[in-house]
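Morning, everyone. I have one structure to go through today, and I will take it feature by feature. Please have the sequence and the model open as I talk.

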Amino acid sequence: MSKKQTLLVSGASPLQPAEATSYWAPVIAGFSGWLLDAFDFFLVTFCLTAMAKEFHKTDAQIALVITMTLLFRPVGGFVFGLMADRYGRRLPLMINIGFFAFAEILTGLAPDYTVLLIVRALFGVVMGGNWGVGTSLAMEGAPVGKRGMLSGLLQEGYAAGNVLAAVSYFFLYGRIGWRPLFFLGSLPAILLVLFIRFRVEESKVWQKARTYSWAEQGREIISHWKLFLYLVAFMTMMLFASHGTQDMYPTFLQRGWHFTPAHRAVVTGISGIGAILGGIIFGHFSDRLGRRRIIITAFILGIIIVPLWAYAPNPGLLITGAFLMQFMVQGAWGVIPAHLAELSPDSVRGLLPGFAYQTAGIFASAVVYIEAAYAQKTSYASAMALTAASVFILASVMAAVGRERRGQTFGA
């Protein structure tokens, strides 16, 4: 048996020996960066009412705060993705997280509505750039046999950030108000920059596949335009599934169940725990059963959960449904970092997954308006149930028609 075959059987790539444990540092960095971004993003959703009251804005006006973040995320995905493929993964990631700390402080200090919109646009650039860079760094160093499990862990930094935001809001908002909550994320961000600087090694895959001119890099990007279009379409359906089951759910709890903000935070936190477990477990099984098969399985199980999730007869079953729904949805999502990294060539792995992901977010943002409009004609429960079932089917179809490169050897 050749050396390459031995490495593949043992679950390591030629660039990452089986006995090496250094892959944990980039995974921790990617997980932590995505956690901090999600913490900020969901903290805004919890604090929107307080912001609207302080700045004397309507619900529609203050909702633009979230819209600004979503609109500028593709900018970050493109800019930081280009940097990651041109200059390496570590430096752009450190710059990105440094800007995150800056945006956190500015959000807490925003003197008026206009400044707040500008700051949230800046955060959109930061959030859009973090995922692609952190994912490429982590996945390129991960052993082949553990890539799916580590992918699930990495992706669920998003769910962990949601839980952390819910816990912070629940325990601190009533004591300190909304502004100091945003200062909380700045110190961990600075510590994370130092961690990457001293503990995370540059990707050996990037070092081997790097381009040495902007013209060469441009040709590489253009040559993969068909893959980019597929990834945008696929990720649009994936984002329909996640946003369709998350964004309007607090409103459903408020309107349909008359839950207080504290109770909504508790349910959100419990569903986030389900998301973390689902991402890791489904990610692990994707290493054995395949990425697409696991994504489709998770969504089929999600369809079965829809009646319990939307029409639970009592609070206990409601919480159970919330937990199981996010277990399935984020179970499908846990596969995404590994799946997109494997589909993307070495030369554009910093740019292609992240930019496609964030571009798809613009199209997927429509799902919230679709749900809200349909809810006015029926109910939030029916609107969310129909939306969830529909987008789960569409996401499964997009996963099925795509390619799969499970076990792809990076840098070969």
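How much space lies in the second largest pocket? About 160 Å³. Before I go on, please keep in mind that this is a predicted model.

The residues that line the second largest pocket are H224, K226, L227, Y230, L343, P345, V401, G402, R403 and R405. Helix α12, residues 225-246, supplies the largest share of that lining, with 3 residues. Sorted by class, the pocket lining has 5 nonpolar, 3 charged and 2 polar residues.

Next, the enclosed spaces. Rolling a probe the size of a water molecule over the atoms shows where empty space is left. How many cavities of 30 Å³ or more does the count come to? The count is 2. I will describe the second largest cavity, whose volume is about 70 Å³. Around the second largest cavity sit R73, Q155, Y158, L239, S242, H243, Q330, W333 and Y357. Two elements give two or more residues to this lining, α12 and α16, the latter spanning 315-334. Of these lining residues, α12 provides the largest share, 3 residues. So helix α12 turns up again, having also given the largest share of the lining of the second largest pocket. By class, the cavity lining divides into 4 polar, 4 nonpolar and 1 charged.

Now the charged pairs. Side chains of opposite charge can pair when their charged atoms come close. The structure holds 12 salt bridges, and I will pick out three of them.

The first on my list joins R349 and E140, with a distance of 3.0 Å from N to O. Why does this pair tie together parts that are 209 residues apart in sequence? Because R349 is in the loop between α17 (336-343) and α18 (352-364), while E140 is in helix α5, residues 113-141. Are these two side chains buried or exposed? R349 has a relative accessible area of 2%, so it is buried. E140 comes to 3%, so E140 is buried as well. The cut-off for buried is under 20% relative accessible area. R349 and E140 also belong to a network of salt bridges that links them with D85, R89 and D346.

The next pair is E342 and R291, where the closest N and O atoms are 2.7 Å apart. E342 lies in helix α17 and R291 in helix α15, residues 291-311, so this salt bridge ties together parts 51 residues apart in sequence. Both residues, E342 and R291, are buried.

The last pair on my list is K204 with E201, and their closest N and O atoms are 3.3 Å apart. K204 has a relative accessible area of 36%, so it counts as partly exposed. E201, at 49%, is also partly exposed.

From charges to the nonpolar surface. Which residues make the nonpolar surface patch of about 450 Å²? They are L71, F72, V75, F78, V79 and I362. Helix α3, residues 59-87, gives the most to this patch, with 5 residues. One residue found in helix α3 is V79, which has a relative accessibility of 38% and so counts as partly exposed.

For a contrast in accessibility, take I97, which sits in helix α4, residues 90-109. I97 counts as buried, at 2% relative accessibility. I97 and D59 are 38 residues apart in sequence, and their C-alpha atoms are 30 Å apart in space.

Finally, two backbone points. Which residue has a positive phi of about 55° although it is not a glycine? H56 does, and its place is in the loop between α2 (24-55) and α3. H56 has a relative accessible area of 70%, so it is exposed. H258 also has a positive phi, of about 60°, and is not a glycine either. Where is H258? In the loop between α13 (249-257) and α14 (261-289). With a relative accessibility of 64%, H258 counts as exposed.

To recap the main items: a second largest pocket of about 160 Å³, a second largest cavity of about 70 Å³, 12 salt bridges and a nonpolar surface patch of about 450 Å². That is my part done.

Notes: Residues are numbered from 1 along each chain as its sequence is written. This is a predicted model: local features need pLDDT of at least 70, side-chain atom pairs count only at pLDDT 80 or more; totals for chains, interfaces and linings use all residues. Side-chain values use heavy atoms; hydrogens and water are left out. On a 1 Å grid over the protein atoms alone, a cavity is a set of points where a 1.4 Å probe fits but cannot get out, and a pocket is an open set with protein on both sides within 12 Å along at least five of seven lines; lining residues have an atom within 4 Å of a point. Grid points are joined across faces, edges and corners, and a volume is the space filled by probe spheres set on the points. Helices (H or I, at least four residues) and strands (E, at least two) are DSSP runs, numbered from the N terminus. Ala, Val, Leu, Ile, Met, Phe, Trp, Tyr, Cys and Pro count as nonpolar, Asp, Glu, Lys and Arg as charged, and the others, Gly among them, as polar. A salt bridge is a side-chain nitrogen of Lys or Arg within 4 Å of a carboxyl oxygen of Asp or Glu. Buried means under 20% relative accessible area, exposed over 50%, partly exposed in between (1.4 Å probe, protein chains only). Patches are made of residues with over 30% relative accessible area and no salt bridge: like charges are joined within 9 Å, nonpolar side chains (Val, Leu, Ile, Met, Phe, Trp, Tyr) within 5 Å. Accessible areas come from the Shrake-Rupley method with a 1.4 Å probe; for residues, only the protein chains shown count as cover.
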